[in-house]
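Hello,

Thank you for offering to take a look at this one. The structure is just below, and my notes come after it.

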Amino acid sequence: MSDPGDGAGDGLPPPEVRRRMFQLMVSIRACDDRIRRGLSGGEFACTYWPATGQEAVAAAMGAALRADDQLVTTYRGLHDQLAKGVPLAALVAEILTRATGVNGGKGGAMHIAHPPSGLMVSTGIVGSGLPIAVGLGLAAQLSGTDRVAVASFGDGATGTGSFHEAVNLAALWRLPVVFVCQNNRYAEMTPTAHAQPVAHVADRAHGYAIPGVTVDGNDPDAVHGAFETAVGRARSGGGPTLL
């Protein structure tokens with residue numbers, strides 16, 4: 001008989017995966033706290049958008065993806081970047097615009113890329129990353145690999161034309177893309193309920209005949225399970241999913 005809570009036979013991720021997610025969540029929160037503390041105390045100055053409260057989504061994603069899978073995220077992407085494997089010291093150096101940063105300090109917090117870890121780009125325009133992820137998915141499909149592309153974005157991006165164009169094209173061509181909306185219920189100052197007529201962002205998937213899944217972003221086990229299903233579908237040629 002398995003020990004309670006070890007993840008065996010109860011639908012939970014294996015113990016090593018849960019440990020990895022916990023490690024990522026703690027690392028993300030510690031890094032986020034340290035940067036905000038340095039800013040508020042006047043230790044350094046830079047532009048920074050916190051990812052506080054969204055650690056579990058990124059950790060589950062990082063644990064579900066392979067090293068060669070590719071990610072496009074946003075300017076509020078510290079958690080995604082760390083979870084995908086961008087080196088911590090070089091990432092923080094880039095946020096602080098240091099020459100030792102992953103992009104030589106030229107991108108700052110908004111424009112970070114590290115292709116060796118699969119982080120292809122962090123975009124500064126809302127919704128602009130989704131078509132890029134579709135291009136990455138098309139490249140994987142044409143090259144005959146089973147690599148998966150992930151687009152991470154906020155709820156505000158789902159009101160842009162680029163969101164609908166990207167999801168439509170990915171669905172039409174059955175591309176290996178996972179669209180991940182980290183819905184914190186506000187697009188800057190606009191509540192999600194004031195910006196969309198559907199109850200859940202995932203409901204938008206129905207218009208493109210792809211799976212749409214709503215998951216509690218504070219439950220890493222549930223998020224990891226949803227990621228595993230979506231990534232497996234994409235990798236096997238089943239097409240995209242909207243989480």
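Here is what I found, going from the open spaces to a helix and two threonines.

Before you start, please note that this is a predicted model, in which local features need pLDDT of at least 70, side-chain atom pairs count only at pLDDT 80 or more, and totals for chains, interfaces and linings use all residues. Residues are numbered from 1 along each chain as its sequence is written, and side-chain values use heavy atoms, with hydrogens and water left out.

Pockets and a cavity

Both kinds of space were found on a 1 Å grid over the protein atoms alone: a cavity is a set of points where a 1.4 Å probe fits but cannot get out, a pocket is an open set with protein on both sides within 12 Å along at least five of seven lines, and lining residues have an atom within 4 Å of a point. Grid points are joined across faces, edges and corners, and a volume is the space filled by probe spheres set on the points.

The largest pocket holds about 650 Å³ of space. Its lining is made of 25 residues, with C181, Q182, N183, V215 and G217 nearest the centre. Strand β4 (177-182) and helix α7 (220-235) each give at least two residues to that lining; helices (H or I, at least four residues) and strands (E, at least two) are DSSP runs, numbered from the N terminus. Sorted by class, the lining has 12 nonpolar, 11 polar and 2 charged residues. Here Ala, Val, Leu, Ile, Met, Phe, Trp, Tyr, Cys and Pro count as nonpolar, Asp, Glu, Lys and Arg as charged, and the others, Gly among them, as polar.

The second largest pocket has a volume of about 510 Å³ and is lined by 28 residues, of which Y75, R76, V126, G154 and D155 lie nearest its centre. Strand β3 provides the largest share of this lining, 4 residues.

There is 1 cavity of 30 Å³ or more, with about 40 Å³ of space. Among the residues lining this cavity are Y48, W49, Y75, R76 and G77.

Helix α1

How well does the span of α1 agree with its number of residues? At 1.5 Å a residue, the 26 residues of α1 (residues 15-40) should span 38 Å, and the end C-alpha atoms are 37 Å apart, which agrees; the expected span is 1.5 Å times one less than the number of residues. The buried residues of α1 (under 20% relative accessible area, with a 1.4 Å probe and protein chains only) are V17, M21, L24, I28, C31, D32, I35 and G38. Their cover includes α2 (55-64), α3, α4 (88-95) and α7. After α1 comes G42, with a positive phi near 80°.

Two threonines

T73 sits in strand β1 and counts as buried because its relative accessibility is 1%. The side chains of T73 and D80 share a polar contact of 2.7 Å; such a contact is a pair of N or O atoms within 3.5 Å, where within protein one must be able to donate a hydrogen and the other to accept it, and residues adjacent in sequence count only if both atoms are side-chain atoms.

T160 lies in the loop between β3 and α6 (161-172) and is buried too, at 19% relative accessibility. Leaving out residues up to four places away in sequence, T160 touches V126 and G127 (heavy atoms within 4.5 Å). The side chain of T160 also reaches the backbone oxygen of A157 at 2.7 Å, and a polar contact of 3.1 Å links it to the side chain of S162.

Best wishes

Definitions and conventions:
Buried < 20%, exposed > 50% of the residue type's maximum accessible area, 1.4 Å probe, protein only.
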